[in-house]
Amino acid sequence: MSSPGSVHSPSSAAAGTHLRGDETTVKVVVAGHLGAGKTTLVHTLSQITPLSTEEYMTAASVGTDNLDHLPDKRTTTVAMDFGRVSLSRDLVMYLFGAPGQKRFWPLLADLAKGAMAALVLVDTRCLADSYPIIGMLEDLALPYAVAVNRFDGAPIYQARQLREAMDLAPRTPLVVCDARDRASARNALINLTEYLLTLPETAA
Amino acid sequence: MTWARPHRDAGLVRSYVITEGRHDASRNHFDFITLVRLGAPGLSRTDLSPEMVRVLDLCRPGALSVAEIAAHLHLPLCVLRIVLADLMERGHITTDSTILTSHRPDRKVLQDVLAGLRALPV
């Protein structure tokens, strides 16, 4: 991370990452509980050095378009990692690792606006931690796929058991992935996009 | 502007100083993924805030998304959005994207995404 005393100026850190400006951009929310591998997946797929934005949050749910929640004793900052993948000359995908805790709901709601979909990463050792996140995405009407991030020593369940536990709709994709592996992470996004193409256009 | 916080305390430069007290910018809808590039060349920068100048310097080589600008300049998005709205109003920056990207990508875009993902080298 660079700091105010960093030797790298913002422009040197951004060198080589500029776009033309007329590309189409899409965003995917990478959701999941703490430690589910969100940052890992973003780092695995990103073609730029992953970046991080900081947002001010209050415990109270506040409108995201005003600045009434500037830093004071009641606010915290939350960092959000993101990365970028060029899918063609004219199409750029941004992957945002969204904090999963309920208190960050306003940030997730802001991020979900206009997002393509969410990929929910799950560690089967703490499966229940993903339930509130799935609930939030459903409240936001953001389509999602679930990717079980295979951790060493994590219990292996059958897909049917996982679906039942997470109360997934039959059509919701459930894939196993290794967030450290490019092909595997890419495959999870392919599954997600294929699923989106099966949804009626009105869901947009 | 008459808006002021009821409990001001001393300390760092507060974000509302950067935004000159505004919390309701006229175009406060820059999405995380809106691409920002420089607008008309040759405009005077003398009346711009340091943050505005930093945005312009950062985007001189080409376009960047709002999220990337926020990250490189260490500005929270809520603050950056207002800085960007000001720059846009003054013609210093422009964007081809719809300013409010509230609609999900359409089918054509999704098909392009799928093709792009499948072609991605792994």
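**Notebook: chain B and an aromatic cluster**

I began with the surface of chain B in this predicted model, and its accessible surface comes to about 5800 Å², of which 56% belongs to carbon and sulfur atoms. Of the 122 residues in chain B, I found that 54% are buried.

I then looked up the secondary structure of chain B, which comes to five helices and three strands, and I noted their order from the N terminus as α-β-α-β-α-α-β-α. Turning to contacts in chain B with a separation of 6 or more, I saw that 72% are between residues 24 or more positions apart.

Next I searched the whole structure for aromatic pairs and found three over all chains. One of them is formed by Tyr94(A) and Phe96(A), which are stacked, with 6.4 Å centre to centre and 25 degrees between the planes. I checked Tyr94(A), which is buried at a relative accessible area of 0%, and Phe96(A), which also counts as buried at 0% relative accessibility.

Phe96(A) also pairs with Phe32(B), this time edge-to-face, at 5.3 Å centre to centre and 65 degrees between the planes. Because Phe96(A) lies in strand S4 (residues 91–97) of chain A, while Phe32(B) lies in the loop between helix H1 (15–18) and strand S1 (35–38) of chain B, this pair joins two chains. Both Phe96(A) and Phe32(B) are buried.

I recorded that Phe82(A), Tyr94(A), Phe96(A) and Phe32(B) form one aromatic cluster. Last, I looked at what sits over the ring of Phe32(B), and found the charged end of Arg81(B) there, 5.6 Å from the ring centre.

Technical notes. Residues are numbered from 1 along each chain as its sequence is written. Chains are lettered from A and ligands numbered from 1 in the order in which they are written. This is a predicted model: local features need pLDDT of at least 70, side-chain atom pairs count only at pLDDT 80 or more; totals for chains, interfaces and linings use all residues. Side-chain values use heavy atoms; hydrogens and water are left out. Rings of Phe, Tyr and Trp (its six-membered ring) pair if their centres lie within 6.5 Å; planes under 30 degrees apart count as stacked, over 60 as edge-to-face and the rest as tilted. Buried means under 20% relative accessible area, exposed over 50%, partly exposed in between (1.4 Å probe, protein chains only). Helices (H or I, at least four residues) and strands (E, at least two) are DSSP runs, numbered from the N terminus. A charge sits over a ring if NZ of Lys or CZ of Arg is within 6 Å of the ring centre and within 35 degrees of the ring normal. Contact means heavy atoms within 4.5 Å. Accessible areas come from the Shrake-Rupley method with a 1.4 Å probe; for residues, only the protein chains shown count as cover.
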